[in-house]
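Trainee: I've got the viewer open and a pile of labels I'd like to challenge. Can we go through them together?

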Amino acid sequence: MTADRFSPPAGSGVTIAEVPFLTQITLRLDPAGPAAEAAGKQLGVTLPVEGGSSARAGDVTVLRLGPDEWLVLGPPGAEPRLTAALESAAGTEHVSVVDVSAQRTTVALAGPRVRELLAFGCAIDLHPRAFGVGACAQTVLAHAPVVLLRRDPSSFWVLVRASFAGHLAAWLADAALELTAGD
């Protein structure tokens with residue numbers, strides 16, 4: 001992906017930027033088991049209990065993707081630290097800790113019209129009452145499988161598989177152009 005593919009047209013009301021090389025670790029464990037509490041302590045953030053929610057503390061964000069699945073996000077290069085912390089928390093429990101950092105890239109979308117932009121290609125209701133700050137979902141955006149995270153009222157992270165990143169970049173630039181057409 002090149003920077004120019006992420007340059008939205010002036011007046012679109014959105015900014016688009018890649019957040020490259022985030023640490024991404026898939027964690028699978030029994031949410032009622034002792035490893036869940038221990039993992040939260042090791043990470044410094046309690047694992048989210050509700051599906052489709054996230055928790056953030058310091059440089060770590062944890063997304064609840066399924067009944068026994070979380071995605072742990074950290075800064076670039078944090079794979080050894082976070083993997084070791086999660087493996088330590090596992091103790092003798094059956095836990096899966098897998099570094100999936102190379103699988104996806106992250107696109108940061110922000111601005112007053114970001115929900116409008118996402119609505120062009122995503123069927124999820126992104127109104128703050130339905131998808132508030134901290135909400136996350138595995139969904140489809142522009143026919144690409146993504147993980148969507150609302151970081152604050154006017155910004156989202158879109159985690160997209162590397163093989164779809166070029167397609168998504170082109171789609172975002174085109175969809176942002178549509179935002180200027182009605183102005």
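Mentor: Sure. Start with Arg151, which lies over the face of Trp157, at 3.8 Å from the ring centre. Keep in mind that this is a predicted model.

Trainee: What makes Arg151 count as lying over the face of Trp157?

Mentor: The rule asks for CZ of Arg within 6 Å of the ring centre and within 35 degrees of the ring normal. Arg151 is at 3.8 Å from the centre of the Trp157 ring and lies over its face.

Trainee: How many aromatic pairs does the structure hold?

Mentor: One. The ring centres of Phe131 and Phe156 are 6.3 Å apart, and the limit for a pair is 6.5 Å.

Trainee: Why is the pair of Phe131 and Phe156 called stacked?

Mentor: Look at the planes: they are at 20°. Under 30 degrees counts as stacked, so the label fits the Phe131 and Phe156 rings.

Trainee: Which parts does that pair tie together?

Mentor: Phe131 is in the loop between helix H3 (114–119) and E8, while Phe156 is in strand E10, so the parts joined are 25 residues apart in sequence. Both Phe131 and Phe156 are buried.

Trainee: On to the sheet with E10. What makes E1 and E8 edge strands?

Mentor: Go by the order, E1-E7-E10-E9-E8, in an open sheet of five strands with antiparallel pairing. Strand E1 (15–19) and strand E8 (136–141) each have a single partner strand, so one side of each has no neighbour in the sheet. From one strand to the next, the twist averages 30°.

Trainee: How do you know that E7 and E10 are paired?

Mentor: Pairing takes at least two bridges. Strand E7 (residues 104–110) and strand E10 (residues 155–161) are joined by seven, and they run antiparallel. For a spot to click on, Ala110 stands opposite Ser155 in E10. Helix H4 (residues 162–181) packs on this sheet, touching E1, E7, E8, strand E9 (144–152) and E10, with its direction at about 135° to that of E10.

Trainee: And Ala17 in strand E1: why is it called partly exposed?

Mentor: Its relative accessible area is 37%. Buried needs under 20% and exposed needs over 50%, so at 37% Ala17 falls in between. Beyond its neighbours within four places in sequence, Ala17 is in contact with Thr106, Val107 and Ala108.

Trainee: What about the other open sheet, with the order E3-E4-E5-E2-E6? Which strands are at its edges?

Mentor: Strand E3 (54–57) and strand E6 (96–99), each with a single partner strand. The pairing is antiparallel, and neighbouring strands are turned by 20° against each other on average, direction ignored. Four bridges join E3 to E4, against the required two. Ala55 stands opposite Val62 in E4. H2 lies across E2, E4, E5 and E6, running at about 15° to E2.

Trainee: Gln24 is in strand E2. Why is it buried or exposed?

Mentor: Buried, because its relative accessibility is 1% and the cut-off is under 20%. Leaving aside neighbours within four places in sequence, its contacts include Leu71, Val98, Arg104 and Leu159.

Trainee: Now helix H1 (residues 34–43). How do you know that its buried residues are on the same side?

Mentor: The buried ones are Ala35, Ala36, Ala39, Gly40 and Leu43. They cover an arc of only 140° around the axis, which puts them on the same side of H1. In an α-helix, residues three or four places apart point the same way. On the other side of H1, Pro34, Glu37 and Lys41 are exposed. The buried residues pack against strand E2 (23–28), strand E4 (60–66), strand E5 (69–74) and helix H2 (79–90).

Trainee: Last one: what makes Phe21 and His143 exposed?

Mentor: The cut-off is over 50%. Phe21 has 67% relative accessibility, so Phe21 counts as exposed, and His143 has 75%, so His143 does too. Phe21 is in the loop between E1 and E2; His143 is in the loop between E8 and E9. Phi of Phe21 is near 65°, a positive value in a residue other than glycine, and phi of His143 is also near 65°.

Key
Residues are numbered from 1 along each chain as its sequence is written. This is a predicted model: local features need pLDDT of at least 70, side-chain atom pairs count only at pLDDT 80 or more; totals for chains, interfaces and linings use all residues. Side-chain values use heavy atoms; hydrogens and water are left out. Helices (H or I, at least four residues) and strands (E, at least two) are DSSP runs, numbered from the N terminus. Axes are lines fitted to C-alpha atoms, for helices over the stretch in contact, and angles run from 0 to 180 degrees between N-to-C directions. Contact means heavy atoms within 4.5 Å. Rings of Phe, Tyr and Trp (its six-membered ring) pair if their centres lie within 6.5 Å; planes under 30 degrees apart count as stacked, over 60 as edge-to-face and the rest as tilted. Buried means under 20% relative accessible area, exposed over 50%, partly exposed in between (1.4 Å probe, protein chains only). The arc is that of the directions from the helix axis to the C-beta atoms.
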